[in-house]
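Work through the exercises below with the sequence and the coordinates at hand. Each task is followed by a solution in steps.

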Amino acid sequence: MKKSAFISSLFATGILLTGCGNTNEKVVEEKNTTEQTVELSKELEEYKSFAIDQMDQFVTETEKFVVAVKAGEIEKAKEIYPNARMYFERSEPIAESFGDLDPRIDARLADLKDEGKTEAEWTGYHKIEYGLWVENTTEGYENTADQLLKDAKELRARVETVDVTPDLMITGAVDLLNEVSTSKISGEEEIFSHTDLYDFKANIEGAEKIFIILKDRIKEKDANLVGELEQKFKNINSLLAKYEDGNGVYVSYEELTNEDTKTLSEAVNQLGEPLSQMGIIME
Amino acid sequence: MNTKQSDNLLKNKMNRRQMLKLTGAGTAGVLIGATGFGSVANSFGYSIVDDNMTATEKVPFYGSHQSGIVTNVQKHIYFASLNVIVTSKEELKDLFEMWTPLAVRMMNGEEIAEPTTNSYVAAQDTGEAVGLSASNLTITFGVGPTLFEKSKLGLGHLKPTELEALPHFPKDQLDESYSSGDLCIQACADDPQVAFHAVRNLIRSASGKVILKWTQAGFNSIPVEKNKKQTPRNLFAFKDGTGNPNVNDTKEMNDVVWVQSNESVPWMTGGTYLVARRIQMHLETWDRTALGEQEATFGRHRDSGAPIGKTGEFEDMELARKDSSGNPIIPTTSHVHLAKLVDDRILRRSFSYSSGMDPKTGVFDAGLLFISFQKHPKQFINIQNSLGRIDKLNEYITHRGSATFACFPGIQKGSFVGESLFKA
């Protein structure tokens, strides 16, 4: 406690907080310089390759999905659906950077209504989800399927052009968790198929990938933070594993009790707090 | 975190800006080290923050008793009951050590940590209290009976025998989602956002260590007449707290509220027991009840707060008074009459609440977050048992939540919340 006596008295009297009018400006300047000088090109490159790889597989799986839909193979399409989407969900920080493509591929009916659009303008995965799970048909969804594949390919092509910044990675990791907290944990993402746990898992994997890429840089600043994040990822992953059969098949969201979703939600929030501190690598 | 690390942290925290200047950010970053929450916590956890008595609307944190008990009642409360998920006594102790300086800072009207200059990280303080005064914020900590049942924490032998879940009372309709808890944080302030901010930041800083069990916000409106604060009214419009013991009378407080040495386990000396009851008040049925019947239910006049048949709020009840036909003037089934039958006294510090509506019935979910402090929970239990089945008020209220907590004694500068328990 002895070492803190001085600092405490500073806090208590507010000197440290108020007495730095001049220094503050300098700090801001230095911070800007810092942002430019933190060398992360290797990490940014690595993340971009990850995203491209995910997008490659997203296109491949979407193609299989589209073929099944057009062939009227309902069960097969249902099987591919959640797995194909995981590639998209893992790299959502990148996909999201295309404001037009993301909704074309991933819009929910509720999103359209919020934006004042009509059902006629609805495209993408969730529209076919509705056909498969609610109408139990693929008929009439052929054009939607074709358009989905076209959009997926366009997304893949445009990923090449994305300027991956530290902010995209750092903020993206937290955003992935926020996605889980706001729409997956409530079952609102996959309202017809109830395959929310696949998206949940993929979002966590996407955030974990960013953490793994940045891990050594974080360790240089705060080894404890690395340990804490590893433990929290482990915690959420082992919770999710309870709902998986060992072959990548997750239980329906409808089978989760309030107690289940509460436990999962708390684990996500406990991961989100330390995750929001990854930005220390920019100091 | 080992001592060396925390040592470095503190040193570097202090010199952070100079460091940046002197060495360039790359190396400084290494030295600055942790800004993660656990780490912020640790870096402050080992520091001592003093009460800043020059802050406006400031209640002292340090003292022989915790704040928020005999403190003049504030206008707002945010009460949180928590369950702990840490699995060792050491981690729990660290949590309270970490919380202590954060509580002092917030009671000084300060943020929990100095603002960050790194725009890539989430800010440590959530910020909604910036620009607001300390607003007479008090933060009161307690531990519930279930904490001592967690064998991994190894605290079982320190449990005071009187710290138990309250017995079932007639007409209780308890809902587990408003009951019990391993720990409690009672934040009271004259500003609702300041009270909420306090709990929010304590919970956030303890991410991964505690989870919310239940929470309740509440309010009191305190009329002022000739510069003197009057007794607040509950949502039934009756004054609540008239019969309270005098918080400025040390002897009375020692008799009623503060555990004296040898009255409980040693670590509770100077502490007190908090009883919390979430009592739904059926406003719709109450509002259509005739005024005379309402007054007979409480045993007091509504507007003046005086005992029935009298004019002054603080006049003696004189329960024995009879009307011309020989019936008691204060009905024997009235709330006040029954409460006065027992000798036990408690310090009530309740707040009204209004939490939306009951989706099943479409009525207000509103009522009283009843809170009382007493040196032994039996004081409350005896009174509640006296009210029993016959209290006329029962018709208009339903007890939905219940919890008891042992509130630690006061904290001395250099010590931390709950030290007497953890060093016992």
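The exercises cover confidence, fold, one helix and its preceding loop, salt bridges, a hairpin and cysteines.

This is a predicted model, in which local features need pLDDT of at least 70, side-chain atom pairs count only at pLDDT 80 or more, and totals for chains, interfaces and linings use all residues. Residues are numbered from 1 along each chain as its sequence is written, chains are lettered from A and ligands numbered from 1 in the order in which they are written, and side-chain values use heavy atoms, with hydrogens and water left out.

**Exercise 1. Confidence**

State the mean pLDDT of chain A and of chain B, and find where pLDDT stays under 50 in each.

Solution. pLDDT is the predictor's confidence in each residue, from 0 to 100.
- Step 1: chain A has a mean pLDDT of 87, and 87% of its residues reach 70 or more.
- Step 2: for chain B the average is 89, with 89% of the residues scoring at least 70.
- Step 3: in chain A, residues 1-36 stay under 50; the model gives this stretch 52 contacts (heavy atoms within 4.5 Å) beyond four places in sequence.
- Step 4: in chain B, residues 1-45 stay under 50, and the model has 89 contacts beyond four places in sequence for them.

**Exercise 2. The make-up of chain A**

Describe chain A by its helices and strands, its buried share and its contacts.

Solution. Helices (H or I, at least four residues) and strands (E, at least two) are DSSP runs, numbered from the N terminus.
- Step 1: chain A has 14 helices and zero strands.
- Step 2: of its 283 residues, 54% are buried; buried means under 20% relative accessible area, exposed over 50%, and partly exposed in between (1.4 Å probe, protein chains only).
- Step 3: among the contacts in chain A with a separation of 6 or more, 76% join residues 24 or more positions apart.

**Exercise 3. Helix H9 of chain A and the loop before it**

Which elements do the buried residues of H9(A) pack against, and what does Glu119(A) touch?

Solution.
- Step 1: H9(A) spans residues 125-135, and its buried residues include Tyr125(A), Ile128(A) and Leu132(A).
- Step 2: the buried residues of H9(A) pack against H4, helix H5 (74-90), helix H7 (101-106) and H10 of chain A.
- Step 3: just after H9(A), Asn136(A) has a positive phi of about 55 degrees.
- Step 4: Glu119(A) lies in the loop between helix H8 (109-114) and H9 of chain A, and is partly exposed at 46%.
- Step 5: leaving out residues up to four places away in sequence, Glu119(A) touches Leu109(A) and Lys127(A). The C-alpha atoms of Glu119(A) and Leu109(A) are 7.3 Å apart.

**Exercise 4. Salt bridges**

Set the salt bridge of Glu43(A) with Arg217(A) beside that of Arg158(A) with Glu154(A).

Solution. A salt bridge is a side-chain nitrogen of Lys or Arg within 4 Å of a carboxyl oxygen of Asp or Glu.
- Step 1: the structure holds 42 salt bridges over all chains.
- Step 2: between Glu43(A) and Arg217(A) the closest N and O atoms are 3.4 Å apart. This pair links distant parts of the chain, with Glu43(A) in H4 (residues 41-70), Arg217(A) in H12 (residues 196-221) and the two positions 174 residues apart.
- Step 3: Glu43(A) is buried at 5%, and Arg217(A) is buried at 19%.
- Step 4: Arg158(A) and Glu154(A) meet at 2.6 Å, N to O. They are about one helical turn apart because they lie four residues apart in H10 (residues 142-159) of chain A.
- Step 5: Arg158(A) is partly exposed at 24%, as is Glu154(A) at 31%.

**Exercise 5. A hairpin in chain B**

How do strands S9 and S10 of chain B run, parallel or antiparallel?

Solution. Two strands pair if DSSP finds at least two bridges between them.
- Step 1: five bridges join S9(B) (residues 351-357) to S10(B) (residues 364-374), and the strands run antiparallel.
- Step 2: Met357(B) stands opposite Phe364(B).
- Step 3: six residues lie between the two strands of this hairpin, and Gly362(B) in the turn has a positive phi of about 75 degrees.

**Exercise 6. Cysteines**

Why is there no disulfide between Cys184(B) and Cys407(B)?

Solution. A disulfide is a pair of cysteine sulfur atoms within 2.5 Å.
- Step 1: the structure holds zero disulfides over all chains.
- Step 2: the closest cysteine sulfur to that of Cys184(B) is in Cys407(B), 5.0 Å away, so the two are too far apart for a bond.
- Step 3: Cys184(B) is buried at 1%, and Cys407(B) is buried at 0%.
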